[in-house]
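Colleague: I should like to learn how features of a model such as this one are read. Could we proceed from single residues to strands, helices and the ligand site?

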Amino acid sequence: MIVKKIPTMQSGYRVTQYQSAPGKEVSYENKNGNDREEDLSLILAELNSLVGMERIKDLVTEINAYITIQRERKRNSLASEPQVLHMIFKGNPGTGKTTVARILGRAFSKMGLLSKGHLVEVERADLVGEYIGHTAQKTRDTIKKALGGILFIDEAYSLARGGEKDFGKEAIDTLVKAMEDKKDDLILILAGYKEEMERFLRSNPGLRSRFPIHLEFPDYKIEELVEIGETMLEKREYKFTTGAKSKIREILYEQVKQGDLVMGNARFIRNLVEKAIRKQAVRLAHEKVVTRENLMTIERQDISLAFEDNGYG
Ligand SMILES: Nc1ncnc2c1ncn2[C@@H]1O[C@H](COP(=O)(O)OP(=O)(O)O)[C@@H](O)[C@H]1O
Ligand SMILES: [Mg+2]
């Protein structure tokens with residue numbers, strides 16, 4: 001398990017993210033012990049700092065308002081209804097689906113919608129077993145782990161693979177039951193490629209109706225990817241020179257032209273940025289005098305070397 005410290009904009013506040021393997025729990029801690037409201041505003045700031053995603057930001061604002069008003073209605077002896085928040089996420093890899101799910105969990109816990117707000121990310125192999133009865137047990141165990149938070153199933157349509165006889169169906173049935181029984185303290189998110197997801201839901205109309213929220217994660221445009229790279233650097237207290245930024249643009253245009261599937265993929269940018277930081281370190285280690293400015297600056301050559309250093313083709 002890799003533990004990453006990610007400083008947020010407010011100084012003194014740290015979010016500890018445990019980059020999880022599938023099926024492992026992701027948890028967070030707030031070292032300052034701020035009160036609820038402050039915590040929520042920090043989480044919302046983190047959501048808002050994500051590039052693009054306007055629809056999702058609006059949705060969270062909406063849900064927050066709705067919850068506040070429902071509470072107020074209750075206080076005024078008016079009927080109040082719980083919100084069903086199971087969701088479908090559609091988009092290519094690297095478009096921010098897991099990132100958003102993780103933030104939503106934390107935000108919903110601060111809003112009082114989930115008791116813990118952790119994210120349990122799983123795939124078919126974590127749910128489907130090898131013999132009759134095994135799958136239901138495995139799926140129930142996973143649900144138990146996710147209780148109080150979000151159960152995020154990546155490439156969910158793989159559960160429908162193999163048709164009627166496949167144990168995937170048993171997993172789906174168990175999930176559907178849990179969505180009903182535990183809906184007060186469990187949110188289920190099914191994620192995957194847009195087309196596959198839509199085909200899967202078309203062939204399971206009963207399932208579709210249980211997910212009131214559908215969100216699309218479009219591919220990032222080149223300028224958005226550059227901006228994502230910049231925010232990643234800022235968080236780490238680095239910055240690009242203008243030359244470095246144009247080099248990134250050139251690389252991205254070239255990749256698109258060649259039809260390499262890196263477009264829309266923020267993971268590509270993250271890898272490039274992290275590698276460039278190491279290239280900068282090597283460059284600076286050879287310098288006699290290194291200023292504060294030098295320590296912060298990623299130059300064009302760092303990007304070039306990072307890109308040439310294979311792994312992207
Ligand atoms: N809008 C965004 N702004 C900043 N970073 C992003 C954004 N979208 C994705 N990322 C980063 O890109 C990487 C891949 O995102 P991820 O959520 O794992 O994508 P997915 O689950 O869709 O494959 C992560 O490191 C994430 O932090
Ligand atoms: Mg993901």
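Modeller: Let us begin with burial: a residue is buried if 20 or more other C-beta atoms lie within 10 Å of its own, exposed if 12 or fewer, and partly exposed in between. Please bear in mind that this is a predicted model. In the protein chain of 313 residues, 32% count as buried.

Colleague: Where is Met53 found, and why does Met53 count as buried or exposed?

Modeller: Met53 is found in the loop between helix H1 (36-48) and helix H2 (54-75). It counts as buried because it has 20 C-beta neighbours inside 10 Å, and the cut-off for burial is 20 or more. The backbone of Met53 also deserves attention: phi is positive, about 60 degrees, although the residue is not a glycine.

Colleague: Which value does phi of Glu237 take, and is Glu237 buried or exposed?

Modeller: Glu237, likewise a residue other than glycine, has a positive phi near 60 degrees. It is found in the loop between helix H9 and strand E9 (239-240). Glu237 is exposed, because 9 other C-beta atoms lie within 10 Å.

Colleague: How is the intermediate class read, for instance at Glu155?

Modeller: Glu155 has 17 C-beta neighbours inside 10 Å and therefore counts as partly exposed. It lies in the loop between strand E6 (150-154) and helix H6. Leaving aside residues up to four places away in sequence, Glu155 touches Glu123, Arg124 and Gly192. The C-alpha atoms of Glu155 and Lys90 are 9.7 Å apart, although 65 residues separate the two along the chain.

Colleague: Lys90 brings us to a strand. How should the two faces of E4 be read?

Modeller: In a regular strand, side chains alternate between the two faces of the sheet. In E4 (residues 87-91), Met87, Phe89 and Gly91 lie on one side and Ile88 and Lys90 on the other, and all are buried, so both faces are covered. Accordingly, 5 of the 5 residues of E4 are buried.

Colleague: Which strands does E4 pair with, and in which sense?

Modeller: E4 pairs with E7 in the parallel sense over 4 bridges, and Phe89 has Ala191 as its bridge partner in E7. E4 also runs parallel to strand E8 (residues 213-217), to which 5 bridges join it. In E8, Phe217 is the bridge partner of Gly91.

Colleague: How does one read a helix such as H6?

Modeller: One compares its span with the expected rise of 1.5 Å a residue. Helix H6 (residues 168-181) has 14 residues and reaches 20 Å from first C-alpha to last, close to the 20 Å expected. Its buried residues are Gly168, Glu170, Ala171, Ile172, Leu175 and Ala178. These pack against helix H4 (124-127), helix H5 (134-146), strand E7 (187-192) and helix H8 (205-208).

Colleague: Finally, how many residues surround ligand 1, and which are the closest?

Modeller: The shell around ligand 1 holds 18 residues, the closest being Gly96, Lys97, Thr98, Thr99 and Ala266. Helix H3 (97-110), helix H9 (222-235) and helix H11 (266-285) are the elements that each give two or more residues to this shell. By character, the shell comprises 7 nonpolar, 8 polar and 3 charged residues. Domain 1 (2-217) and domain 2 (222-308) each supply at least three residues to the shell.

Note on methods
Residues are numbered from 1 along each chain as its sequence is written. Chains are lettered from A and ligands numbered from 1 in the order in which they are written. This is a predicted model: local features need pLDDT of at least 70, side-chain atom pairs count only at pLDDT 80 or more; totals for chains, interfaces and linings use all residues. A residue is near a molecule or strand if its C-beta atom, placed from the backbone, lies within 6 Å of it. Ala, Val, Leu, Ile, Met, Phe, Trp, Tyr, Cys and Pro count as nonpolar, Asp, Glu, Lys and Arg as charged, and the others, Gly among them, as polar. Domain bounds come from an automatic or database domain assignment. The expected span of a helix is 1.5 Å times one less than its number of residues. Two residues are in contact if their C-beta atoms, placed from the backbone, lie within 7 Å. Two strands pair if DSSP finds at least two bridges between them.
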